[in-house]
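Subject: Structure for you to look at

Hello,

Here is the structure I said I would pass on. Please open it and keep it beside this message while you read.

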Amino acid sequence: MKQKILHTPEGVRDIYKVECRKKLALQEKLHHVLHLYGYHDIQTPTFEYFDVFRKEIGSISVKELYKFFDREGNILSLRPDITPSVARAASALYEIEELPLRLCYIGNTFINYSSYQGRLRENTQLGAEFIGLDSKDVDAEMLAMVVDCLRQSGLENFQISVGNVGFLNSLLKEAKLPPECEEYLRELISNRNYYGVTELLDEAGVRPEIKELFGHLQELVGGPEVLEKAMEIAPNELSQAHHQASA
């Protein structure tokens, strides 16, 4: 027992001296960029009601959330991502704040990875949310801000990958998979395990033409020419609309 209290649990670690100083300095630089773009700070709780994170958070399964109970028996969860918490807070601000809202934040997130593989389970997340306006100008502003943040961090040669989750959701809608299968499929796609994607779709009995569309996902990487390819395989009006919004 004495040995345990001298060590951290698997997936978390102490940061101190030079590394800690560099981390805090970088956070300050990036935070300053967000402020220059007119974003205002918001702090949300480290844990929330489980329902705030109940739906899929990107590629994070609800099975990988740290969950616990309060005294009243409510299920709570440590945040795996700060965005849902900001969205929850922003919904309460709609009536008292003028839209659009530019909000930025920094804090720690927690993911209980089922397969550890050397990944940290506690990470610091810094980000910004533009809420209340959907336009290409907003997308351009966010991308410009990302570029400025990367330059402030000292990087010179980098690439930014821009995706559209709405396009993927439209494909998933056509596949008509049970929730647990869809959750696993998202994880496979996120990990670029396209062999696993094909195998899962085969086992689920998805129509051949829909399986073919998922097979094209690994080809949708590159420059502006990828948008034309995406339009060709778009299975419905929803995905076409998301394609046009990305163009």
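How many bridges join S2 to strand S4? Three bridges join S2 to S4, which spans residues 75-78, and the two strands run antiparallel. Please keep in mind throughout that this is a predicted model.

Overall picture

The protein chain has 247 residues, and 34% of them count as buried. Nine helices and six strands are found in the chain. Along the principal axes, the C-alpha atoms fill a box of roughly 55 × 45 × 45 Å. The chain exposes about 16500 Å², and 52% of that is supplied by carbon and sulfur atoms. Of the contacts with a separation of 6 or more, 62% are between residues 24 or more positions apart.

The sheet with S2, S4 and S3

Strands pair through backbone hydrogen bonds, and the pairing can be parallel or antiparallel. In this sheet, three strands are arranged in the order S2-S4-S3; the sheet is open and the pairing is antiparallel. S2 (47-49) and S3 (67-69) stand at the edges with a single partner strand each, so one side of each has no neighbour in the sheet. From one strand to the next, the twist averages 35°. To find the pairing of S2 with S4 on screen, look for Tyr49, which stands opposite Leu76 in S4.

The aromatic pair

A search of the whole structure finds one aromatic pair. It consists of Phe47 and Phe68 in an edge-to-face arrangement, with 5.5 Å from centre to centre and 70° between the planes. Phe47 belongs to strand S2 and Phe68 to strand S3, so the pair ties together parts that are 21 residues apart in sequence. Are these two rings buried, partly exposed or exposed? Phe47 is partly exposed, with a relative accessible area of 43%. Phe68 is also partly exposed, with a relative accessible area of 30%.

The sheet with S1, S5 and S6

Three strands form another open sheet, in the order S1-S5-S6, and here the pairing is mixed. S1 and S6 stand at the edges, each with a single partner strand, so each has one side without a neighbour in the sheet.

The mixed pairing can be followed strand by strand. S1 (residues 40-41) and S5 run parallel and are joined by two bridges. In S5, Leu103 is the bridge partner of His40, and Cys104 is the bridge partner of Asp41. S5 and S6 (residues 122-131) pair in the antiparallel sense over 10 bridges. Thr109 has Asn123 in S6 as its bridge partner.

Why can S5 be called largely enclosed by the rest of the structure? Strand S5 covers residues 101-110, and seven of its 10 residues are buried, so the rest of the structure largely encloses it. Helix H1 (residues 17-36) lies across S1, S5 and S6 and runs at about 5° to S6.

Charges over rings

Two arginines are worth finding as well. Arg102 lies over the face of Tyr39, at 6.0 Å from the ring centre. Arg119 lies over the face of Tyr113, at 3.9 Å from the ring centre.

A suggested order for viewing is S5 with its partners S1 and S6, then the Phe47 and Phe68 pair, and finally Arg102 over Tyr39 and Arg119 over Tyr113.

Regards

Definitions and conventions
Residues numbered from 1 in each chain as written. Predicted model: local features only at pLDDT ≥ 70, side-chain atom pairs only at ≥ 80, totals over all residues. Heavy atoms only, no water. Buried < 20%, exposed > 50% of the residue type's maximum accessible area, 1.4 Å probe, protein only. Helix = DSSP H or I, 4+ residues; strand = E, 2+ residues; numbered from the N terminus. Pairing = 2+ DSSP bridges. Axes fitted to C-alpha atoms, helices over the stretch in contact; angles between N-to-C directions. Phe/Tyr/Trp six-rings, centres within 6.5 Å; stacked < 30°, edge-to-face > 60°. Lys NZ or Arg CZ within 6 Å of the ring centre and 35° of its normal. Contact = heavy atoms within 4.5 Å. Areas by Shrake-Rupley, 256 points an atom, 1.4 Å probe, with all protein chains shown as cover.
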